Amino acid sequence: MTRVIQWLRMRTLLLSRHFAQKDDVLVRRSRRVKGATTTSRQQGLPYWNQQQLESSTVVNVGAGGAGGELCLGQVRKGVGSIHVLDGDVVEATNLNRQFFTAANIGENKARALVKRLAREGCCGSQLLGHPHYYDASRDTYLEQLRPDVLTVSIDRYVPNARASLSLLATRLRIPTVFLAISDDADWGYVFVQEPGLNNACWGCVIRENESGISKRCPGTVGATVDPLKMLAGLALYAVDSLIMGRPRDWNYRALSLSRSDVLFSTMAPRRLDCQLCGSAKQ
Ligand SMILES: [Zn+2]
């Protein structure tokens, strides 16, 4: 087992050097606090497997409010290798809810987030900031890397990015967690796409044109930190369920801040006439 972990760490190191040379990727490592007590409380939880977590790789597309919360949780828990992709730049209007300070204004979000996260962890996580938006035509490194989990928390800018990532994840069999927040910053959903012929893809269940979620426009809609915390917690749990097998009886769940009723929580089936995954699964 130790040799497997050493091999995985060596592979991660070599790939990170490859990416850093190729694409201006910022590579950092969170400090490892000596002693066995830093993770002892979480290791007391059922289904927790710290060794599994520390040998895992998660790629996070989006370093904004939701992506920042997702990455912060991963580095605190001790995910071994955490990649972040974002081509956006930190602005003053981001500071009320995103994991940046005034000193980060003007910096690329992925690189700034990696610098911030490096001071937060205690398990020696490797952090890689890719300073560009996801682009299906150039992001072939996902095929090389084959992360254990992909998270997608982008809410704007890149047309069809969620659909493209869903299709890629289906083809490469990468478990993927999608997170999105409504225009009124009151509710949102987490959807978990798992590999397998019978499992739903993002396109099987999400009708974004009807939900209003895809209409979010930068700088024009209200935004606060509350829904980010609420949904990122749920998405972080979903990541754990995929890496460590923490129990989960849903793949599609929505939560609201103002309404006492949970909007829904379901294990959505694959839709047989879904065009998105139909061709990839044939
Ligand atoms: Zn589908």
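Let me begin with helix 4, where Gly65, Ala66, Gly67, Gly68, Glu69, Leu70, Cys71, Gln74, Val75 and Lys77 are buried. A residue is called buried if 20 or more other C-beta atoms lie within 10 Å of its own, exposed if 12 or fewer do, and partly exposed in between, with C-beta atoms placed from the backbone. Helices (H or I, at least four residues) and strands (E, at least two) are DSSP runs, numbered from the N terminus.

Two remarks on provenance. This is a predicted model, in which local features need pLDDT of at least 70 and side-chain atom pairs count only at pLDDT 80 or more, while totals for chains, interfaces and linings use all residues. Residues are numbered from 1 along each chain as its sequence is written.

To stay with helix 4 (residues 65–77): ten of its 13 residues are buried, so the helix is mostly covered. Its geometry can be checked, since at 1.5 Å a residue, taken over one less than the number of residues, the 13 residues should span 18 Å, and the end C-alpha atoms are 19 Å apart, which agrees. Just after the helix, Gly78 takes a positive phi of about 105°.

I turn to the overall architecture. The protein has eleven helices and nine strands, and buried residues make up 41% of its 282 residues. Two residues are in contact if their C-beta atoms, placed from the backbone, lie within 7 Å. Among contacts between residues at least 6 apart in sequence, 73% join residues at least 24 apart.

How are the nine strands ordered in the open sheet? The order is 1-4-3-2-5-6-7-8-9, and the pairing is mixed; two strands pair if DSSP finds at least two bridges between them. Strand 1 (26–29) and strand 9 are the edge strands, each pairing on one side only. From one strand to the next, the twist averages 15°; axes here are lines fitted to C-alpha atoms, for helices over the stretch in contact, and angles run from 0 to 180 degrees between N-to-C directions.

Helix 5 (residues 109–117) packs on this sheet and touches strand 1, strand 3 (81–85) and strand 4 (126–130), its direction making about 160° with that of strand 4. Helix 10 also packs on the sheet, touching strand 2, strand 5, strand 6, strand 7 and strand 8, and its direction makes about 170° with that of strand 6.

Consider next the end of the sheet that holds strand 9. Strand 7 and strand 8 (residues 252–256) pair in the antiparallel sense over five bridges, and Phe191 has Tyr252 of strand 8 as its bridge partner. Strand 8 and strand 9 (residues 264–266) are likewise antiparallel, over three bridges. Here Ala254 stands opposite Phe264, and Arg253 is bridged to Ser265.

Now the interior. A nonpolar core is a set of buried Ala, Val, Leu, Ile, Met, Phe, Trp, Tyr and Cys residues joined through C-beta atoms within 7 Å. The largest such core has 60 residues, of which Leu113, Val177, Leu179, Val190, Leu231, Ala235 and Val239 touch the most other members. Helix 10 (residues 226–244) gives the most to this core, with ten residues. Leaving aside residues up to four places away in sequence, Val190 touches Val177, Leu179, Leu231, Leu234, Ala235, Ala238 and Arg253.

Helix 7 (residues 161–172) offers a second check of length: its twelve residues should span 16 Å at 1.5 Å a residue, and its end C-alpha atoms are 16 Å apart, which agrees. Its buried residues are Arg162, Leu165, Ser166, Ala169 and Thr170. Seen down the axis, they fall within an arc of 140°, so they line one face of the helix; the arc is that of the directions from the helix axis to the C-beta atoms. They pack against strand 2 (57–61), strand 5 (149–152), strand 6 (176–181), strand 7 (187–193), helix 8 (202–205) and helix 11 (275–278). Arg173, which follows the helix, has a positive phi near 60°.

Finally, two loop residues. Most residues other than glycine have a negative phi. Tyr47, in the loop between helix 2 (40–43) and helix 3 (50–54), has a positive phi near 70°. Is Tyr47 buried or exposed? Tyr47 counts as exposed, because 10 C-beta neighbours lie inside 10 Å. Arg146, in the loop between helix 6 (141–145) and strand 5, has a positive phi near 45° and is exposed, with 12 other C-beta atoms within 10 Å.
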